[in-house]
Amino acid sequence: QVQLVESGGGLVQAGGSLRLSCTGSGSFFSRSVMSWYRQAPGKQRELVANVSPSGSTSYADSVKGRFIISRDNAKITMYLQMDSLKPEDTAVYYCKADVLFGLNIGSYWGQGTQVTVSS
């Protein structure tokens, strides 16, 4: 069974930093594409960043140069280091695992963690 638990959210002033963690359970982690998404009130959920099993990363334009995604397969944990935070980064942040099962891909979500950036 695939389970994901996010942590590290909170309230921070603009210009501050937070580090989110997403810890998984099960043997799936090392072969998964891991992603961070966020959803602000009244808006659609959007992709923030993702990291492949080999460590290749990609970012939304809105966070490039400010956020860094990383993974530690030994700890079954993915991270999102968020620096120079802006009020528009306020959202619920979710981690997602896209797991390869043979020729099929299963997608799993965490429960989300709230990030609030005050101006």
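Of the 119 residues in this protein chain, 42% count as buried. Keep in mind as we go that the model is predicted. With that said, let us start from the overall build and then work inward.

The protein chain contains eleven strands and zero helices. Reading from the N terminus, the elements therefore run β-β-β-β-β-β-β-β-β-β-β. The radius of gyration is 14 Å, close to the 14 Å given by the globule rule for 119 residues, so the chain is as compact as a globular protein of that length. Along its principal axes, the C-alpha trace spans about 45 × 25 × 25 Å. The surface exposed by the chain comes to about 6200 Å², and carbon and sulfur atoms supply 50% of it. If you like to think in contact maps, take the contacts between residues at least 6 apart in sequence: 55% of them join residues at least 24 apart.

A good place to step inside is strand β4, which covers residues 32–39. Six of its eight residues are buried, so β4 is largely enclosed by the rest of the structure. Which strands pair with β4? One is β9, residues 91–101, which pairs with β4 in the antiparallel sense over eight bridges. Within that pairing, V33 has D98 of β9 as its bridge partner. Another is β5, residues 46–51, also antiparallel to β4, this time over five bridges. Here R38 finds its bridge partner in E46 of β5. The hairpin of β4 and β5 has six residues between the strands, and in this hairpin G42 takes a positive phi near 75°.

Next comes the interior. The largest nonpolar core has 28 residues, and the members that touch the most others are W36, M78, L80, M82 and Y93. Several strands each supply at least two residues of this core: β3 (18–25), β4, β5, β7 (67–72), β8 (77–82), β9 and β11 (113–118). The largest share, five residues, comes from β9. To see how one member sits among its surroundings, select L80 in your viewer. Leaving aside neighbours within four places in sequence, L80 is in contact with L18, R19, L20, W36, V48, F67, I68, I69 and Y93. W36 and Y93, two of the residues on that contact list, are also among the core members that touch the most others.

The structure also holds a covalent cross-link. The count of disulfides comes to one. The bond joins C22 and C95, whose sulfur atoms are 2.1 Å apart. How far apart along the chain are the two cysteines? C22 is in strand β3 and C95 in strand β9, 73 residues apart, and the pair thus links distant parts of the chain. The torsion about the S-S bond is about 55°, so the disulfide is right-handed. Are these cysteines buried or exposed? C22 counts as buried because its relative accessibility is 0%, and C95, also at 0%, counts as buried too.

Two loop residues round out the tour. The first stop is R66, in the loop between β6 (57–59) and β7. Its relative accessibility is 10%, so R66 counts as buried. Not counting residues up to four places away in sequence, R66 touches Q81, M82, D83, S84, L85, K86 and D89. One of these contacts, M82, is a residue we met in the core. For a sense of distance, the C-alpha atoms of R66 and A91 are separated by 16 Å, with the two residues 25 apart along the chain.

The other stop is N73, which has its place in the loop between β7 and β8. At 33% relative accessibility, N73 counts as partly exposed. Setting aside neighbours within four places in sequence, N73 is in contact with F29, S30 and P53. N73 and G15, by contrast, are 30 Å apart in space, C-alpha to C-alpha, and 58 residues apart in sequence.

Methods. Residues are numbered from 1 along each chain as its sequence is written. This is a predicted model: local features need pLDDT of at least 70, side-chain atom pairs count only at pLDDT 80 or more; totals for chains, interfaces and linings use all residues. Side-chain values use heavy atoms; hydrogens and water are left out. Buried means under 20% relative accessible area, exposed over 50%, partly exposed in between (1.4 Å probe, protein chains only). Helices (H or I, at least four residues) and strands (E, at least two) are DSSP runs, numbered from the N terminus. Two strands pair if DSSP finds at least two bridges between them. A nonpolar core is a set of buried Ala, Val, Leu, Ile, Met, Phe, Trp, Tyr and Cys residues joined through side-chain atoms within 4.5 Å. Contact means heavy atoms within 4.5 Å. The radius of gyration is taken over C-alpha atoms; the globule rule is 2.2 Å times the number of residues to the power 0.38. Accessible areas come from the Shrake-Rupley method with a 1.4 Å probe; for residues, only the protein chains shown count as cover. A disulfide is a pair of cysteine sulfur atoms within 2.5 Å.
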